[in-house]
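User: I am new to this structure and would like to learn how to read its features one at a time. Could you take me through them slowly?

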Amino acid sequence: MRFAVVRSSAPGCEPNCPEWISAEGTIEAGTPALFRRLLNTLGGRQLPIVVNSPGGNVDAALQLGRMIRKNRLDIAVGITEFSGCSRGMKNCRDNDGKGQPYFGTADDSGAMCNSACPLMFAGGVRRVVGEWAYLGVHQITTTYRREKLLYRTTYKIVNGKKKVLSTKLVSRKNAGSYKTYEMSKAVEKRLSAYLKEMGVEQGVLDVMKATPASDIRLIEPDDMLEMKLVTSLGSLDLLTEKSMCPRRPMPANCREVPSNTKPAEVANIEAAPSPTAPAPAPGPQIQDQEMRFVVVRGSNPLCNPDCPEWISAEGTIAAGSAGELRQLLDMLGGRRLPVVVNSPGGDVQAALAAGRLIRERGLDVAVARTDFLDCDPGKAGCEPTEGLYSGLTIDAGARCDAACAVMIAGGIRRFVGADAHFLVHSIGMEEKVRAYLDEMAIGSGFFVAMQSAQYAKHSELSQGELREFGFTTGPQSVDALTGATICKSSPKPDNCRVLPAANAEAEAPAKL
């Protein structure tokens, strides 16, 4: 299996195009190491995977699935058609392996994910197989190899008894091999535990066991959905279509490249960062939008019918932001929903008021962005269903800048994930801000770090620094507040809610 980062070459796409990871070929024992090497070049960017594979090594497929889930990546079955250079060509690209993208388009016509590939596929957060793609399974083939080993042993006689001094392997010869097509209890137990871990129904395993190794059982789309092997009946256009990037918030795998420049990481921040503060990864363009507050319900199929809900707070903090937040909280009638914030900062006075309101209502906060799955609340005609939008939270590319830190400080629990960016610089109203941070029990070191950064040069604080200053209350990310499985914990979080049966069915995985 070969991996490559690909940028869409669809006409009219530039300067803002989707990117993805192409995964093509047979899964072998060394494939997970190749995938890990590629992920290390991405700097935390969450790119979807477009896979086309006949299958291969089962253990490697399980490792790949767990890596995909750990990095919260989406996956689709599809074929990448490269434009010009392709990953298999020798001397095609001088910077191969350095994170720069190839160019191409993705299509699901004739694409396949068979045999062990569905195990890798199960690791995706969003998982799609279009109507022209194939996903098939069959019984696992286990090959046992025999070897004939010859040892040389050196010993001496001590008091009439042999005492072994050394044993050395002299030769190793192939003594033949044999295959078995019956799944052992140990393998079945292992695969069953993996599918359960990934939120996939055991029906997949039943089909595997019932299909001879010499055959392939293609699973129908409706059956895949019922087995929760796919999260929707959509195609890979959900992840690679050129028209997706103008959406707001911008999908995590979109990247805007200025004209007449080579594709490179483009910082989404109003001022250049200092040499010690890396620019945030590409994310939604939020600086021109006043902060809006909407109630969102998690649409990960792993949570239905009891899913977490939260308040999405995206955009610049304006003079009226605290009032809008209060109005929304009053409408919720005392329900305590966490606030998920993605903001470049804004009005300090409004941030102070919003932070105090958050503390007064006993709310938790996290830095992350909300990826809306039906429509963007900012678009005309996009109306919530029964007051709720559907979405997922992602900390990659999210940011909290300047006055946003003041608002975040009001949270009871405060989380900033490893892939989110937290930037500070000196702001006005020093005495008021210092007194407010003391009121919120934030260590004095945070105020010093904030004021020591020049206004035009943002300083990015690490997770370790934020915990050291007492600003964050733990190392967790937004998943601690909005993750698909939090509603199964005991006691159940305040932001979990079971919808009535009819609604639960309507809001099921097909939404993805």
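Analyst: What follows is a walk through the chain as a whole, then its disulfides, its cavities and some details of its backbone. Please keep in mind throughout that this is a predicted model.

User: How many helices and strands are there in the chain, and what share of its residues counts as buried?

Analyst: The chain has 15 helices and 24 strands, and 51% of its 512 residues count as buried. Another way to read a fold is to ask how far apart in sequence its contacting residues lie: among contacts between residues at least 6 apart in sequence, 76% join residues at least 24 apart. As for the surface, the chain exposes about 23500 Å², of which carbon and sulfur atoms supply 50%.

User: How many disulfides does the structure hold, and how should I read one?

Analyst: There are five disulfides, and a useful way to read one is to look at the distance between the sulfur atoms, then at the turn about the S-S bond, and then at how much of each cysteine is accessible. A pair of cysteine sulfur atoms is taken as a disulfide when the two lie within 2.5 Å, and in the link between Cys13 and Cys17 they are 2.1 Å apart. Buried means under 20% relative accessible area, so Cys13, at 6%, counts as buried, and so does Cys17, at 0%.

User: Which cysteine is joined to Cys245, and which hand does that link have?

Analyst: Cys245 is joined to Cys254, with an S to S distance of 2.1 Å, and the link is left-handed, with -85 degrees about the S-S bond. Cys245 is buried, its relative accessible area being 0%, and Cys254 is likewise buried at 0%. A further disulfide joins Cys487 to Cys496 at 2.0 Å; this link is left-handed too, with -90 degrees about the S-S bond, and both Cys487 and Cys496 are buried.

User: What shows where empty space is left, and how many cavities of 30 Å³ or more does the structure hold?

Analyst: Empty space is revealed by rolling a probe the size of a water molecule over the atoms. In this structure there are four cavities of 30 Å³ or more, and the largest cavity holds about 220 Å³ of space. The largest cavity is lined by 17 residues, of which Arg72, Asp74, Arg126, Asp371 and Ile394 are the closest to its centre. By class, this lining has 10 nonpolar, three polar and four charged residues, and the element that gives the most to it is strand β19 (residues 389-394), with three residues.

User: Where are there cis peptide bonds?

Analyst: The angle to read here is omega. A cis peptide bond joins Arg248 and Pro249, with omega about 5 degrees, and Pro249 is found in the loop between α7 (237-240) and β13 (254-256). The bond from Ser490 to Pro491 is also cis, with omega near 0 degrees, and Pro491 lies in the loop between α14 (479-482) and β24 (496-498).

User: What is the phi of Lys228, and is Lys228 exposed, partly exposed or buried?

Analyst: Phi of Lys228 is near 65 degrees, a positive value in a residue other than glycine. Lys228 lies in the loop between α6 (221-226) and α7 and, at 28% relative accessibility, counts as partly exposed. Ala441, which is not a glycine either, has a positive phi of about 60 degrees; Ala441 sits in the loop between α11 (430-439) and α12 (444-452). Because exposed means over 50% relative accessible area, Ala441 counts as exposed at 59%.

Terms used
Residues are numbered from 1 along each chain as its sequence is written. This is a predicted model: local features need pLDDT of at least 70, side-chain atom pairs count only at pLDDT 80 or more; totals for chains, interfaces and linings use all residues. Side-chain values use heavy atoms; hydrogens and water are left out. Buried means under 20% relative accessible area, exposed over 50%, partly exposed in between (1.4 Å probe, protein chains only). On a 1 Å grid over the protein atoms alone, a cavity is a set of points where a 1.4 Å probe fits but cannot get out, and a pocket is an open set with protein on both sides within 12 Å along at least five of seven lines; lining residues have an atom within 4 Å of a point. Grid points are joined across faces, edges and corners, and a volume is the space filled by probe spheres set on the points. Helices (H or I, at least four residues) and strands (E, at least two) are DSSP runs, numbered from the N terminus. Ala, Val, Leu, Ile, Met, Phe, Trp, Tyr, Cys and Pro count as nonpolar, Asp, Glu, Lys and Arg as charged, and the others, Gly among them, as polar. Contact means heavy atoms within 4.5 Å. Accessible areas come from the Shrake-Rupley method with a 1.4 Å probe; for residues, only the protein chains shown count as cover.
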